[in-house]
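Biologist: I'm new to this one. Could you walk me through how to read its features, one at a time?

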Amino acid sequence: MDHTLERLAETQHGLVSAGQLDRICATTWERRQLIDGGPLTRVAPGVYRVRGEPDTHQQRLAVGLLSLGEQSWVSYEAAATLHRLDRSNPVAVEFTVLRGARLPKLPSTVHTTTLLPTIDRVSVSDFRTTSATRTIIDLAHARRSPQRIEAAIDSAVRTGLSAPSVLAHRIETIRGSGRWGCRLIDELVVDSGGHSPLERRFLRIVREAGLPRPKTQVSHRKGNRFIARVDFLFGDDVVVEVSGQHGHSSPTERRKDAQRRSELIEMGRLVYEHTYADVFETPQIVVADLRRRLSSRLYPNS
C-alpha cells in the first residue's frame with residue numbers, strides 16, 4: 001500500500017475515506033487495486049478499512065465521522081463516553097448532523113439538529129464531538145432517567161468540563177426552541193458536583209439551609225506531594241467529608257484515613273465528618289453543626 005495512504009490510515013484508526021483515496025490514487029485502476037482483493041475493505045459508505053485492523057469502539061466512531069462528513073459530531077451517549085461522564089454507555093455509537101444533509105445508511109444512531117453552534121463543539125481524542133454541556137442537554141432531551149442525567153451533570157461539574165452557570169446559560173439559550181429536558185436539568189443542576197447521591201444530598205441540605213455552597217472534590221497538596229482530595233471545602237480551610245453506609249472498616253484503611261486527616265490538619269484545615277445516617281436521617285443536626293463551625297471561620301466578626 002502507498003506509504004502516504006498507510007500513514008493516513010494509521011492516524012484514523014486504520015481507516016481511509018473515498019475522498020482521500022481519490023486524492024492519493026493517480027488512476028482509477030490504482031484505486032481498484034487497493035480495494036478489489038487488495039489491502040482495503042469497505043466498511044461503510046465512503047469508508048474503507050485496512051484489512052487485519054481490529055474492530056474497536058474508537059474505530060466505529062471514526063467510521064461514522066468519515067462517512068457522515070465534516071458536519072458531523074459524536075454525540076449523546078457516545079460523547080458522554082468520550083468525556084468520561086459517569087454511567088456512560090462504553091459501546092454507544094451515536095452522531096449528530098445538521099438537519100437537511102443527505103445521510104448514508106449506517107449501523108449506528110444518527111441524530112439531526114437545526115443548529116450546533118461553535119460553543120457546543122469540541123475535540124476529544126481527535127474526535128469531533130459535542131461539548132459536555134451540550135451532551136448533558138442532549139441526554140435530557142432523549143429522556144434518559146433523572147439518575148442518568150444527575151450522574152452526567154455531577155461528573156461534568158466535578159471534572160471541570162461544565163459548571164452550573166454554564167449549563168444554566170446554555171439552557172436559557174436553547175429553551176425557546178421548546179427542547180424537552182431543560183426543566184429537568186434546572187432541577188438537578190442546583191445540587192451538582194458531588195461524587196455520589198450522598199454528596200448530592202449534602203449539597204441540597206446546604207442549599208436549603210441558605211449556607212454558602214462549598215467547593216467540591218478539592219485536591220490538597222504539600223509542595224508537589226498529593227495529600228488528599230476532600231469532598232467539600234468551605235472558604236479556604238473548613239473541610240467536610242461525608243462517609244458512606246459502610247465507610248472504611250479495615251485497619252489499613254482506618255490508618256490511611258487517620259494519616260490523611262492529620263496531614264490536612266497540619267496544613268491548617270479544620271476537618272469534620274458526617275455519616276450517611278447524619279445526612280439522610282438527621283439533616284437538622286448537620287445544618288446546626290455547619291452553622292456553628294462556619295460562623296467563626298467565614299464570618300469572624302459576626
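Biologist: Let's start with the hairpin of strand 7 and strand 8: which residue there takes a positive phi?
Modeller: Strands here are DSSP runs of E with at least two residues, helices are runs of H or I with at least four, and both are numbered from the N terminus. In this hairpin 2 residues sit between the strands, and serine 125 has a positive phi near 55°. This is a predicted model, with pLDDT of at least 70 needed for local features and 80 or more for side-chain atom pairs, while totals for chains, interfaces and linings use all residues. Residues are numbered from 1 along each chain as its sequence is written, and side-chain values use heavy atoms, leaving out hydrogens and water.

Biologist: How many bridges join strand 7 to strand 8?
Modeller: Two strands count as paired if DSSP finds at least two bridges between them. Strand 7 (residues 121-124) and strand 8 run antiparallel, joined by 4 bridges. Arginine 121 stands opposite threonine 130 of strand 8.

Biologist: What is the order of the open sheet of 3 strands?
Modeller: The order is 1-3-2, with antiparallel pairing. Strand 1 (15-17) and strand 2 (40-44) are the edge strands, each pairing on one side only. For angles, lines are fitted to C-alpha atoms, for helices over the stretch in contact, and values run from 0 to 180 degrees between N-to-C directions. Ignoring direction, neighbouring strands of this sheet are turned by 35° against each other on average. Strand 2 and strand 3 (residues 47-50) run antiparallel with 4 bridges between them, and arginine 42 stands opposite tyrosine 48 in strand 3.

Biologist: Which helix lies across strand 1, strand 2 and strand 3?
Modeller: That's helix 4, running at about 5° to strand 1.

Biologist: Helix 4 also helps line a pocket, right? How many residues does helix 4 give to the lining of the second largest pocket?
Modeller: First, the idea: on a 1 Å grid over the protein atoms alone, a pocket is an open set of points with protein on both sides within 12 Å along at least five of seven lines, and lining residues have an atom within 4 Å of a point. Helix 4 gives 3 residues, the most to this lining; helix 4 (57-68) and strand 8 (127-130) each supply at least two. There are 14 lining residues, and the closest to the pocket's centre are Gln12, Ala62, Leu65, Leu66 and Arg128.

Biologist: And where do I look for two helices packed together?
Modeller: Try helix 6 (residues 132-141) and helix 7 (residues 146-158), which pack at about 175° with axes 10 Å apart. Angles under 35 degrees count as roughly parallel, over 145 as roughly antiparallel, 65 to 115 as roughly perpendicular, and the rest as oblique. Helix 6 and helix 7 are therefore roughly antiparallel to each other. Contact means heavy atoms within 4.5 Å. Helix 6 makes the contact through Ala132, Ile136, Leu139 and Ala140, and helix 7 through Arg148, Ile149, Ala152, Ile153 and Ala156.

Biologist: One last sheet: which strands stand at the edges, each with a single partner strand?
Modeller: The sheet is open, with 4 strands in the order 9-10-11-12 and mixed pairing. Strand 9 (215-222) and strand 12 (270-275) are at the edges with a single partner each, so one side of each has no neighbour in the sheet. From one strand to the next, the twist averages 45°. Helix 10 (residues 197-208) lies across strand 9, strand 10, strand 11 and strand 12, at about 45° to strand 10.

Notes:
1 Å grid on protein atoms, 1.4 Å probe; cavity = no way out; pocket = protein on both sides within 12 Å on 5 of 7 lines; lining within 4 Å.
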